[in-house]
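Subject: Handing over a structure, with notes

Dear colleague,

I am passing on the structure below, and after it you will find my notes on what turned up. Please read them with the structure open beside you.

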Amino acid sequence: MILQQPSCQPIDVRNWINDGSSIPDWIRTQMSDDPASNGTFLITTPVGAARVHPGDVVIEHQGQLWSRAPEEVPQLMNGFGAEAALPIAAIGPGKDAQFGTKSKAGKGRRRGGERKIGFRPPIGKMPSIEWVHTTELTVDQSYQRSIDNEGSRRLIASIAANFDWRLCAPLVVSRRLDGSKVIIDGQHRWAAAVRRGDLLQLPCCLFTYDSPEDEARMFIVANRARKPMNRLDDFHAALAAADEDALEIQRLVTEAGLKMARNTSSAAWRAGEVAFTSSIAAALRRHGVAIVSAALTSLAEAYEGHSLTYGASIFGALIKLFANPPEGFDPDDLVPTLRRLDMASLGEIVKGLSGGDSRAVAVHAAILGSLSQPKYTESAA
């Protein structure tokens, strides 16, 4: 049929209502599957696959299909009319004159009832929307959030026990060149489905990324936009995305003989694991690599084989010590001195103190007071 746009110039449009009648050939050629028993079927549209339900209207415009509920059809048609009313593209940046004419559009001119806004082309390729078996999905631990903690376990258990399809938005998934499907967003929903065992497939938006580093960048963008990430998860994702600051911190921690933790809970830390990424970053900016390296190395040597429950406080104290050493300070005395301050003693020192800096100040005073040579405590006073 021929429909009219506001300017009264005809647009070739044809439509069909999914009312049980025979599906026209112009629709069948763009169907993604055969009609289901409930009368629904998939079609290919400019914005991805769309399911046509009974009563929906399928519209063809310029060789492309659209599906809308009957009450939404007028809005779609107005959009087609506004699109047709747009002028031929101007020549050169910022030019108003249309090609082949001397007329000008004029500033603020409205077409189709709205001001025309220029957008840059979308970034990336359009995803495919698919149902994927849970066994085909996986995660990349290099940047993905750790779910090996009490908070995640409670969340997964809650999702599994109260699973609601209305709250199950499609997972964001990377389809890699080797065929693997890696979850970027939706790990908890996937873990809950696996835990239940009766949800064998999940809806997924499958994207193609250039590399795992690109995936990590998208993970950071998605999670920072939605809700704050804890600093440890943020660090590991930045590390996977090859962030220069994260790589430098990782190098210093590793060279000192330590390892960056994956869990924010100190109860889950293994010997030699640290989690104070922001303190290291701040110290690097203020004092440089040499002092940070010395502090981390002293920490590792003094507490080798021990869980660093108060590692952040000790590190802060050591930064203060190396940045402003007392007169006659001998670094060789430091490690034996630190070994006399075990974690239980440090716990009593920082007990009742809040804030990283106040704890670091208290530990710094304790270190100076425990150094073997009396001149240190005298200079500290």
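How many bridges join β11 to strand β13 (residues 201-207), and do these strands run parallel or antiparallel? Four bridges join β11 to β13, and the two strands run parallel. Before going further, please keep in mind that this is a predicted model.

**The chain as a whole**

The protein chain has 14 helices and 15 strands, and of its 381 residues 40% count as buried. Among the contacts in the chain with a separation of 6 or more, 61% come from residues 24 or more positions apart. The accessible surface of the chain comes to about 22000 Å², and 52% of that surface belongs to carbon and sulfur atoms.

**The five-stranded sheet**

The pair in the opening question belongs to an open sheet of five strands, which has the order β9-β13-β11-β12-β10 and mixed pairing. At its edges are β9 (128-133) and β10, each of which pairs on one side only.

Between β11 and β13, Ser174 stands opposite Phe207 of β13, while Val173 has Leu206 of β13 as its bridge partner. On the β12 side, strand β11 (residues 171-175) is joined to β12 by four bridges, and here the two strands run antiparallel. Ser174 appears in this pairing too, standing opposite Val182 in β12, and Val172 stands opposite Asp185 in β12. The hairpin of β11 and β12 has five residues between the strands, and in this hairpin Gly179 takes a positive phi near 95 degrees.

Strand β12 (residues 181-185) deserves a separate look, since five of its five residues are buried, leaving the strand mostly covered. Its pairing with strand β10 (residues 137-138) is in the parallel sense and extends over two bridges, with Lys181 of β12 as the bridge partner of Leu137.

Past the end of β12, Gly186 has its place in the loop that lies between β12 and α4 (187-196). Gly186 counts as buried because its relative accessibility is 8%. The C-alpha atom of Gly186 is separated by 9.9 Å from that of Val139, although the two residues are 47 residues apart along the chain. Helix α4 itself lies across β10, β11, β12 and β13, running at about 120 degrees to β12.

**Two helix pairs**

Two packed helices are described by the angle between their axes and the distance between the axes, and both values are given here for each of two pairs.

In one pair, helix α6 (residues 231-240) and helix α7 (residues 244-255) pack at an angle of about 105 degrees, with their axes 8 Å apart. That angle makes α6 roughly perpendicular to α7. On the α6 side the contact is made by Phe235, Ala238 and Leu239, and on the α7 side by Ala246, Leu247, Ile249 and Gln250. Sorted by class, this contact of α6 with α7 has six nonpolar residues, one polar residue and no charged residues.

In the other pair, the axes of helix α8 (residues 277-287) and helix α10 (residues 311-323) cross at roughly 10 degrees and come within 11 Å. The helices α8 and α10 are therefore roughly parallel to each other. Here Ser279, Ile280, Ala283 and His287 in α8 meet Phe315, Ile319 and Ala323 in α10, and by class the contact of α8 with α10 has five nonpolar, two polar and no charged residues.

**Two loop residues to check by eye**

Which loop residues have a positive phi although they are not glycines? Ala242 is one of them, with a phi of about 65 degrees, and this residue is found in the loop between α6 and α7, the helices of the perpendicular pair described above. Ala242 counts as partly exposed because its relative accessibility is 40%.

Gln62 is another, with a positive phi of about 55 degrees although it is not a glycine, and Gln62 lies in the loop between β5 (57-61) and β6 (64-68). With a relative accessibility of 63%, Gln62 counts as exposed.

With best regards

Definitions and conventions:
Residues are numbered from 1 along each chain as its sequence is written. This is a predicted model: local features need pLDDT of at least 70, side-chain atom pairs count only at pLDDT 80 or more; totals for chains, interfaces and linings use all residues. Side-chain values use heavy atoms; hydrogens and water are left out. Axes are lines fitted to C-alpha atoms, for helices over the stretch in contact, and angles run from 0 to 180 degrees between N-to-C directions. Angles under 35 degrees count as roughly parallel, over 145 as roughly antiparallel, 65 to 115 as roughly perpendicular and the rest as oblique. Contact means heavy atoms within 4.5 Å. Ala, Val, Leu, Ile, Met, Phe, Trp, Tyr, Cys and Pro count as nonpolar, Asp, Glu, Lys and Arg as charged, and the others, Gly among them, as polar. Buried means under 20% relative accessible area, exposed over 50%, partly exposed in between (1.4 Å probe, protein chains only). Two strands pair if DSSP finds at least two bridges between them. Accessible areas come from the Shrake-Rupley method with a 1.4 Å probe; for residues, only the protein chains shown count as cover.
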